[in-house]
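Reader: I should like to learn how the features of a structural model are read, one at a time. Might we begin once the structure is in view?

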Amino acid sequence: MNEIQTVRTPDIIGSEIRSLTNQAKTMTLWFGIEIGRRLTEAKALLEHGQWLPYLKEQTEFSQSSASRLMTLYREYGAAQTSLFGAESNYPTLNNLSISNALRLLAVPEEEREEFAAEHDVEHMSARELDELIKAREAAEARAEQAENALRQADEGAALRAAEWQEKIDAAKEAERNAKKLLDELNDKLSTAEAEKRAAADELAELRNRPVEVAVEVDEQAVKEAEIKGRAASDAEWTEKYAKIQNDLSAAETKAEKLKAKVKKAEEAQAAAAAELDKMRRETKLSDPNTAVFKQIFETVQEDFNKLHGCLMKIRASDADTAQKLGAAVQALIDKMQGALNE
(Lines give C-alpha, C1' and ligand atoms only; values in the text may rest on other atoms or scores of the structure.)
Protein backbone atom coordinates (compact mmCIF):
# COMPACT_ATOMS: atom_id res chain seq x y z
CA MET A 1 0.00 0.00 0.00
CA ASN A 2 1.31 3.37 -0.93
CA GLU A 3 1.71 5.70 2.01
CA ILE A 4 -0.36 8.84 1.87
CA GLN A 5 1.90 11.80 1.80
CA THR A 6 0.65 15.25 2.71
CA VAL A 7 1.59 17.85 0.19
CA ARG A 8 3.17 20.84 1.90
CA THR A 9 1.68 24.06 0.59
CA PRO A 10 2.07 27.68 1.66
CA ASP A 11 -1.52 27.58 3.00
CA ILE A 12 -0.81 24.56 5.17
CA ILE A 13 2.39 26.09 6.45
CA GLY A 14 0.54 29.34 7.16
CA SER A 15 -2.08 27.43 9.17
CA GLU A 16 0.68 25.79 11.20
CA ILE A 17 2.29 29.18 11.85
CA ARG A 18 -1.03 30.60 13.09
CA SER A 19 -1.58 27.58 15.32
CA LEU A 20 1.88 27.91 16.84
CA THR A 21 1.34 31.62 17.32
CA ASN A 22 -1.91 31.01 19.20
CA GLN A 23 -0.21 28.43 21.40
CA ALA A 24 2.55 30.89 22.19
CA LYS A 25 -0.04 33.46 23.20
CA THR A 26 -1.45 31.11 25.84
CA MET A 27 1.60 31.96 27.97
CA THR A 28 -0.41 34.56 29.83
CA LEU A 29 0.09 36.40 33.09
CA TRP A 30 -1.52 33.63 35.15
CA PHE A 31 1.11 31.12 33.98
CA GLY A 32 3.84 33.69 34.51
CA ILE A 33 2.73 34.22 38.12
CA GLU A 34 2.58 30.46 38.72
CA ILE A 35 6.05 29.86 37.28
CA GLY A 36 7.43 32.90 39.10
CA ARG A 37 6.06 31.59 42.41
CA ARG A 38 7.82 28.25 41.94
CA LEU A 39 11.06 29.89 40.87
CA THR A 40 10.94 32.09 43.97
CA GLU A 41 10.28 29.05 46.14
CA ALA A 42 13.16 27.06 44.58
CA LYS A 43 15.66 29.91 44.90
CA ALA A 44 14.88 30.23 48.61
CA LEU A 45 15.77 26.57 49.09
CA LEU A 46 19.05 26.65 47.17
CA GLU A 47 22.41 27.51 48.61
CA HIS A 48 24.61 30.29 47.31
CA GLY A 49 26.01 29.50 43.87
CA GLN A 50 23.40 26.83 43.01
CA TRP A 51 20.84 29.09 41.34
CA LEU A 52 22.33 29.34 37.84
CA PRO A 53 23.11 25.59 37.57
CA TYR A 54 19.57 24.86 38.76
CA LEU A 55 18.06 27.07 36.05
CA LYS A 56 20.18 25.36 33.41
CA GLU A 57 19.41 21.83 34.59
CA GLN A 58 15.79 22.15 35.65
CA THR A 59 14.30 24.88 33.44
CA GLU A 60 14.61 26.47 30.03
CA PHE A 61 14.91 29.97 31.43
CA SER A 62 17.93 32.22 31.44
CA GLN A 63 18.72 34.17 34.58
CA SER A 64 17.13 37.35 33.14
CA SER A 65 13.96 35.48 32.07
CA ALA A 66 13.67 33.86 35.50
CA SER A 67 14.10 37.26 37.16
CA ARG A 68 11.29 38.71 35.03
CA LEU A 69 8.95 35.84 35.94
CA MET A 70 9.73 36.25 39.65
CA THR A 71 9.06 39.98 39.24
CA LEU A 72 5.64 39.14 37.80
CA TYR A 73 4.92 37.00 40.87
CA ARG A 74 6.01 39.77 43.25
CA GLU A 75 4.08 42.49 41.44
CA TYR A 76 0.91 40.65 40.42
CA GLY A 77 0.69 37.59 42.66
CA ALA A 78 -1.35 37.49 45.85
CA ALA A 79 0.36 36.84 49.16
CA GLN A 80 -1.75 33.70 49.72
CA THR A 81 -1.99 30.72 47.37
CA SER A 82 -5.01 28.52 46.79
CA LEU A 83 -5.32 24.81 46.10
CA PHE A 84 -4.96 25.67 42.43
CA GLY A 85 -1.67 27.52 42.83
CA ALA A 86 -0.82 31.18 42.78
CA GLU A 87 -3.60 33.73 42.91
CA SER A 88 -3.48 37.07 41.11
CA ASN A 89 -4.13 40.38 42.76
CA TYR A 90 -5.56 41.50 39.42
CA PRO A 91 -8.03 38.87 38.12
CA THR A 92 -8.99 41.06 35.17
CA LEU A 93 -5.36 40.99 33.94
CA ASN A 94 -4.91 37.21 33.93
CA ASN A 95 -5.16 37.01 30.14
CA LEU A 96 -2.43 39.55 29.52
CA SER A 97 0.62 38.30 27.69
CA ILE A 98 3.71 38.10 29.86
CA SER A 99 5.50 40.69 27.73
CA ASN A 100 2.64 43.17 28.10
CA ALA A 101 2.34 42.42 31.82
CA LEU A 102 6.02 43.30 32.23
CA ARG A 103 5.56 46.49 30.24
CA LEU A 104 2.55 47.40 32.38
CA LEU A 105 4.84 47.51 35.43
CA ALA A 106 5.77 51.02 34.24
CA VAL A 107 2.29 52.11 35.35
CA PRO A 108 1.84 52.70 39.12
CA GLU A 109 0.35 49.71 40.93
CA GLU A 110 -2.85 51.46 41.93
CA GLU A 111 -3.55 52.50 38.32
CA ARG A 112 -2.62 49.35 36.38
CA GLU A 113 -5.98 47.58 36.31
CA GLU A 114 -7.92 50.69 35.33
CA PHE A 115 -5.28 51.64 32.75
CA ALA A 116 -5.37 48.15 31.18
CA ALA A 117 -9.17 48.10 31.02
CA GLU A 118 -9.44 51.63 29.68
CA HIS A 119 -7.04 51.01 26.80
CA ASP A 120 -7.85 47.31 26.17
CA VAL A 121 -4.21 46.36 26.79
CA GLU A 122 -5.05 42.64 26.52
CA HIS A 123 -5.51 43.00 22.77
CA MET A 124 -2.63 45.40 22.19
CA SER A 125 0.65 44.53 20.55
CA ALA A 126 3.84 45.08 22.49
CA ARG A 127 4.72 48.01 20.21
CA GLU A 128 1.34 49.66 20.72
CA LEU A 129 1.61 49.28 24.49
CA ASP A 130 5.15 50.70 24.47
CA GLU A 131 3.92 53.75 22.54
CA LEU A 132 0.94 54.19 24.86
CA ILE A 133 3.09 54.00 27.99
CA LYS A 134 5.63 56.41 26.50
CA ALA A 135 2.80 58.82 25.65
CA ARG A 136 1.48 58.50 29.20
CA GLU A 137 4.92 59.13 30.72
CA ALA A 138 5.42 62.12 28.42
CA ALA A 139 2.01 63.48 29.42
CA GLU A 140 2.83 62.99 33.11
CA ALA A 141 6.17 64.75 32.61
CA ARG A 142 4.40 67.67 30.93
CA ALA A 143 1.82 67.74 33.70
CA GLU A 144 4.56 67.75 36.34
CA GLN A 145 6.38 70.54 34.52
CA ALA A 146 3.14 72.49 34.33
CA GLU A 147 2.48 71.92 38.03
CA ASN A 148 6.01 73.05 38.88
CA ALA A 149 5.59 76.09 36.67
CA LEU A 150 2.24 76.84 38.29
CA ARG A 151 3.69 76.41 41.78
CA GLN A 152 6.59 78.71 40.92
CA ALA A 153 4.13 81.14 39.34
CA ASP A 154 1.99 81.01 42.47
CA GLU A 155 5.01 81.69 44.65
CA GLY A 156 6.25 84.43 42.34
CA ALA A 157 2.78 85.92 42.05
CA ALA A 158 2.38 85.89 45.83
CA LEU A 159 5.72 87.66 46.20
CA ARG A 160 4.88 90.19 43.49
CA ALA A 161 1.43 90.69 44.99
CA ALA A 162 3.00 91.38 48.39
CA GLU A 163 5.46 93.83 46.81
CA TRP A 164 2.70 95.57 44.86
CA GLN A 165 0.49 95.68 47.95
CA GLU A 166 3.33 97.25 49.90
CA LYS A 167 3.74 99.85 47.15
CA ILE A 168 0.00 100.47 47.04
CA ASP A 169 -0.15 100.87 50.82
CA ALA A 170 2.81 103.26 50.72
CA ALA A 171 1.26 105.23 47.87
CA LYS A 172 -2.09 105.43 49.66
CA GLU A 173 -0.36 106.55 52.85
CA ALA A 174 1.49 109.23 50.89
CA GLU A 175 -1.81 110.23 49.27
CA ARG A 176 -3.43 110.56 52.72
CA ASN A 177 -0.50 112.71 53.88
CA ALA A 178 -0.83 114.87 50.78
CA LYS A 179 -4.55 115.34 51.43
CA LYS A 180 -3.78 116.24 55.04
CA LEU A 181 -1.22 118.79 53.83
CA LEU A 182 -3.78 120.20 51.40
CA ASP A 183 -6.27 120.61 54.24
CA GLU A 184 -3.65 122.34 56.41
CA LEU A 185 -2.71 124.70 53.57
CA ASN A 186 -6.35 125.48 52.87
CA ASP A 187 -6.79 126.28 56.59
CA LYS A 188 -3.75 128.55 56.48
CA LEU A 189 -5.10 130.25 53.37
CA SER A 190 -8.47 130.80 55.02
CA THR A 191 -6.78 132.19 58.16
CA ALA A 192 -4.60 134.50 56.09
CA GLU A 193 -7.58 135.80 54.16
CA ALA A 194 -9.45 136.37 57.45
CA GLU A 195 -6.43 138.23 58.84
CA LYS A 196 -6.30 140.38 55.71
CA ARG A 197 -9.96 141.25 56.02
CA ALA A 198 -9.51 142.05 59.74
CA ALA A 199 -6.53 144.33 58.96
CA ALA A 200 -8.50 146.09 56.24
CA ASP A 201 -11.42 146.59 58.63
CA GLU A 202 -9.10 147.95 61.35
CA LEU A 203 -7.47 150.36 58.90
CA ALA A 204 -10.87 151.65 57.75
CA GLU A 205 -11.92 152.12 61.38
CA LEU A 206 -8.79 154.12 62.14
CA ARG A 207 -9.37 156.32 59.12
CA ASN A 208 -12.94 157.05 60.14
CA ARG A 209 -12.26 157.58 63.90
CA PRO A 210 -12.76 161.25 64.92
CA VAL A 211 -9.81 163.24 66.36
CA GLU A 212 -10.47 163.81 70.07
CA VAL A 213 -7.38 165.87 70.92
CA ALA A 214 -6.52 168.91 68.99
CA VAL A 215 -3.03 168.63 67.90
CA GLU A 216 -1.06 170.09 65.16
CA VAL A 217 -0.75 167.40 62.57
CA ASP A 218 1.49 167.19 59.59
CA GLU A 219 -1.07 165.95 57.06
CA GLN A 220 1.60 165.11 54.49
CA ALA A 221 3.55 162.98 56.99
CA VAL A 222 0.38 161.11 57.98
CA LYS A 223 -0.43 160.33 54.38
CA GLU A 224 3.09 159.14 53.64
CA ALA A 225 3.12 156.94 56.74
CA GLU A 226 -0.26 155.51 55.78
CA ILE A 227 0.88 154.73 52.24
CA LYS A 228 4.14 153.23 53.47
CA GLY A 229 2.38 151.02 56.04
CA ARG A 230 -0.18 149.86 53.52
CA ALA A 231 2.53 149.00 51.00
CA ALA A 232 4.49 147.02 53.61
CA SER A 233 1.34 145.19 54.70
CA ASP A 234 0.34 144.45 51.10
CA ALA A 235 3.85 143.22 50.24
CA GLU A 236 3.96 140.96 53.30
CA TRP A 237 0.52 139.59 52.55
CA THR A 238 1.31 139.11 48.85
CA GLU A 239 4.46 137.15 49.67
CA LYS A 240 2.67 135.05 52.28
CA TYR A 241 -0.25 134.37 49.95
CA ALA A 242 2.05 133.47 47.04
CA LYS A 243 3.96 131.00 49.23
CA ILE A 244 0.75 129.35 50.39
CA GLN A 245 -0.50 129.14 46.80
CA ASN A 246 2.79 127.57 45.64
CA ASP A 247 2.70 125.03 48.46
CA LEU A 248 -0.90 124.25 47.65
CA SER A 249 -0.15 123.77 43.95
CA ALA A 250 2.84 121.51 44.71
CA ALA A 251 0.75 119.43 47.11
CA GLU A 252 -2.00 119.04 44.51
CA THR A 253 0.55 117.96 41.88
CA LYS A 254 2.04 115.43 44.30
CA ALA A 255 -1.40 114.09 45.13
CA GLU A 256 -2.22 113.61 41.44
CA LYS A 257 1.05 111.75 40.88
CA LEU A 258 0.35 109.52 43.86
CA LYS A 259 -3.12 108.74 42.54
CA ALA A 260 -1.62 107.76 39.17
CA LYS A 261 0.97 105.60 40.95
CA VAL A 262 -1.72 103.81 42.97
CA LYS A 263 -3.77 103.21 39.82
CA LYS A 264 -0.75 101.82 37.97
CA ALA A 265 0.11 99.49 40.85
CA GLU A 266 -3.48 98.21 41.04
CA GLU A 267 -3.52 97.59 37.26
CA ALA A 268 -0.23 95.66 37.47
CA GLN A 269 -1.60 93.58 40.34
CA ALA A 270 -4.75 92.79 38.32
CA ALA A 271 -2.63 91.81 35.29
CA ALA A 272 -0.53 89.46 37.42
CA ALA A 273 -3.69 87.83 38.79
CA ALA A 274 -5.06 87.40 35.25
CA GLU A 275 -1.79 85.83 34.09
CA LEU A 276 -1.84 83.41 37.02
CA ASP A 277 -5.46 82.48 36.31
CA LYS A 278 -4.58 81.81 32.67
CA MET A 279 -1.69 79.56 33.68
CA ARG A 280 -3.97 77.63 36.04
CA ARG A 281 -6.48 77.05 33.22
CA GLU A 282 -3.69 75.83 30.93
CA THR A 283 -2.43 73.48 33.63
CA LYS A 284 -5.81 71.74 33.78
CA LEU A 285 -5.25 70.71 30.16
CA SER A 286 -2.05 68.90 31.18
CA ASP A 287 -3.92 66.02 32.83
CA PRO A 288 -2.09 62.75 31.80
CA ASN A 289 -5.22 61.06 30.43
CA THR A 290 -6.18 64.15 28.46
CA ALA A 291 -2.66 64.46 27.05
CA VAL A 292 -2.58 60.75 26.05
CA PHE A 293 -6.00 61.11 24.40
CA LYS A 294 -4.82 64.21 22.53
CA GLN A 295 -1.71 62.44 21.23
CA ILE A 296 -3.63 59.34 20.14
CA PHE A 297 -6.35 61.49 18.56
CA GLU A 298 -3.77 63.44 16.54
CA THR A 299 -2.16 60.17 15.40
CA VAL A 300 -5.54 58.73 14.33
CA GLN A 301 -6.38 61.95 12.52
CA GLU A 302 -3.04 61.93 10.70
CA ASP A 303 -3.43 58.23 9.76
CA PHE A 304 -6.95 58.88 8.49
CA ASN A 305 -5.71 61.66 6.21
CA LYS A 306 -3.06 59.31 4.83
CA LEU A 307 -5.68 56.56 4.42
CA HIS A 308 -8.01 58.91 2.57
CA GLY A 309 -5.23 60.08 0.26
CA CYS A 310 -4.27 56.49 -0.53
CA LEU A 311 -7.93 55.61 -1.21
CA MET A 312 -8.20 58.51 -3.67
CA LYS A 313 -5.18 57.18 -5.59
CA ILE A 314 -6.66 53.67 -5.73
CA ARG A 315 -10.01 55.06 -6.89
CA ALA A 316 -8.29 56.73 -9.84
CA SER A 317 -6.94 53.40 -11.11
CA ASP A 318 -9.34 50.74 -9.72
CA ALA A 319 -12.82 51.96 -8.80
CA ASP A 320 -14.11 48.52 -7.70
CA THR A 321 -11.28 47.95 -5.25
CA ALA A 322 -11.62 51.51 -3.98
CA GLN A 323 -15.34 50.90 -3.34
CA LYS A 324 -14.60 47.76 -1.28
CA LEU A 325 -11.88 49.52 0.69
CA GLY A 326 -14.16 52.49 1.25
CA ALA A 327 -16.85 50.15 2.59
CA ALA A 328 -14.29 48.67 5.02
CA VAL A 329 -13.35 52.14 6.22
CA GLN A 330 -17.03 53.02 6.65
CA ALA A 331 -17.57 49.84 8.69
CA LEU A 332 -14.66 50.82 10.95
CA ILE A 333 -16.10 54.31 11.38
CA ASP A 334 -19.53 52.83 12.25
CA LYS A 335 -17.87 50.56 14.82
CA MET A 336 -16.05 53.52 16.37
CA GLN A 337 -19.28 55.52 16.44
CA GLY A 338 -21.02 52.67 18.18
CA ALA A 339 -18.27 52.46 20.81
CA LEU A 340 -18.53 56.21 21.45
CA ASN A 341 -22.29 55.92 21.99
CA GLU A 342 -21.98 53.18 24.61
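**Reading the pocket, the patch and the salt bridges**

Author: Let us start with a lining. In this predicted model, the residues that line the largest pocket comprise 16 nonpolar, seven polar and seven charged ones.

Reader: How many residues line the largest pocket, and which of them lie nearest its centre?

Author: The lining has 30 residues, and those nearest the centre are Phe293, Ile296, Phe297, Val300 and Met336. The space in this pocket comes to about 1,700 Å³.

Reader: Which helix gives the most to that lining?

Author: Helix α9 does, with 12 residues. At least two lining residues also come from each of α6 (112–119), α7 (126–208) and α10, as they do from α9.

Reader: Which residues make the nonpolar surface patch?

Author: A patch of this kind is built from nonpolar side chains within 5 Å of one another, each residue having over 30% relative accessible area and no salt bridge. Here the patch covers about 340 Å² and is made by Ile296, Val300, Leu332 and Met336. Two helices, α9 (288–317) and α10 (319–340), each supply at least two of its residues. Ile296, Val300 and Met336 were also named among the residues nearest the pocket centre.

Reader: Why does Met336 count as partly exposed?

Author: The class between buried and exposed runs from 20% to 50% relative accessible area. Met336, which belongs to helix α10, has a relative accessibility of 42% and therefore counts as partly exposed.

Reader: What share of the residues in the protein is buried?

Author: Of the 342 residues, 21% are buried. The term buried applies under 20% relative accessible area.

Reader: Let us turn to charged side chains. How many salt bridges does a search of the whole structure find?

Author: The search finds eight. The criterion is a side-chain nitrogen of Lys or Arg within 4 Å of a carboxyl oxygen of Asp or Glu. Glu131 and Arg127 satisfy it, with their closest N and O atoms 2.9 Å apart.

Reader: Why are Glu131 and Arg127 separated by about one helical turn?

Author: Both residues are in helix α7 and stand four residues apart, so about one helical turn separates them. As to accessibility, Glu131 is partly exposed because its relative value is 45%, whereas Arg127, at 52%, is exposed.

Reader: Where does the salt bridge between Glu140 and Arg136 stand in terms of N to O distance?

Author: The side chains of Glu140 and Arg136 meet at 2.8 Å, N to O. These two residues are again four apart in helix α7, which means a separation of about one helical turn. Is each partner buried or partly exposed? Arg136 is buried, its relative accessible area being 5%, while Glu140 is partly exposed at 29%.

Reader: Which salt bridge does Lys306 form?

Author: Lys306 pairs with Glu302, and their closest N and O atoms are 3.6 Å apart. Both residues belong to helix α9, with four residues, or about one turn of the helix, between their positions. Lys306 is exposed, with 54% relative accessible area, and Glu302 is partly exposed at 44%. Elsewhere, salt bridges with shared partners link Glu34, Arg37 and Arg38 into one network.

Reader: How far apart are the C-alpha atoms of Lys172 and Leu258?

Author: One reads such a pair by setting the separation along the chain beside the separation in space. Lys172 and Leu258 are 86 residues apart along the chain, and 7.5 Å separates their C-alpha atoms. Lys172 sits in helix α7 and, at 33% relative accessibility, is partly exposed.

Reader: What is the phi of Asp120, and where is Asp120 placed?

Author: For a backbone angle, one notes the sign together with the residue type. Phi of Asp120 is near 50°, which is positive in a residue other than glycine. Asp120 is in the loop between α6 and α7, and its relative accessible area of 39% makes it partly exposed.

Reader: Finally, how many helices and strands does the protein have, and in what order do the elements run?

Author: There are 10 helices and two strands. Read from the N terminus, the order is α-α-α-α-β-β-α-α-α-α-α-α.

How values were computed
Residues are numbered from 1 along each chain as its sequence is written. This is a predicted model: local features need pLDDT of at least 70, side-chain atom pairs count only at pLDDT 80 or more; totals for chains, interfaces and linings use all residues. Side-chain values use heavy atoms; hydrogens and water are left out. Patches are made of residues with over 30% relative accessible area and no salt bridge: like charges are joined within 9 Å, nonpolar side chains (Val, Leu, Ile, Met, Phe, Trp, Tyr) within 5 Å. Accessible areas come from the Shrake-Rupley method with a 1.4 Å probe; for residues, only the protein chains shown count as cover. Buried means under 20% relative accessible area, exposed over 50%, partly exposed in between (1.4 Å probe, protein chains only). On a 1 Å grid over the protein atoms alone, a cavity is a set of points where a 1.4 Å probe fits but cannot get out, and a pocket is an open set with protein on both sides within 12 Å along at least five of seven lines; lining residues have an atom within 4 Å of a point. Grid points are joined across faces, edges and corners, and a volume is the space filled by probe spheres set on the points. Ala, Val, Leu, Ile, Met, Phe, Trp, Tyr, Cys and Pro count as nonpolar, Asp, Glu, Lys and Arg as charged, and the others, Gly among them, as polar.
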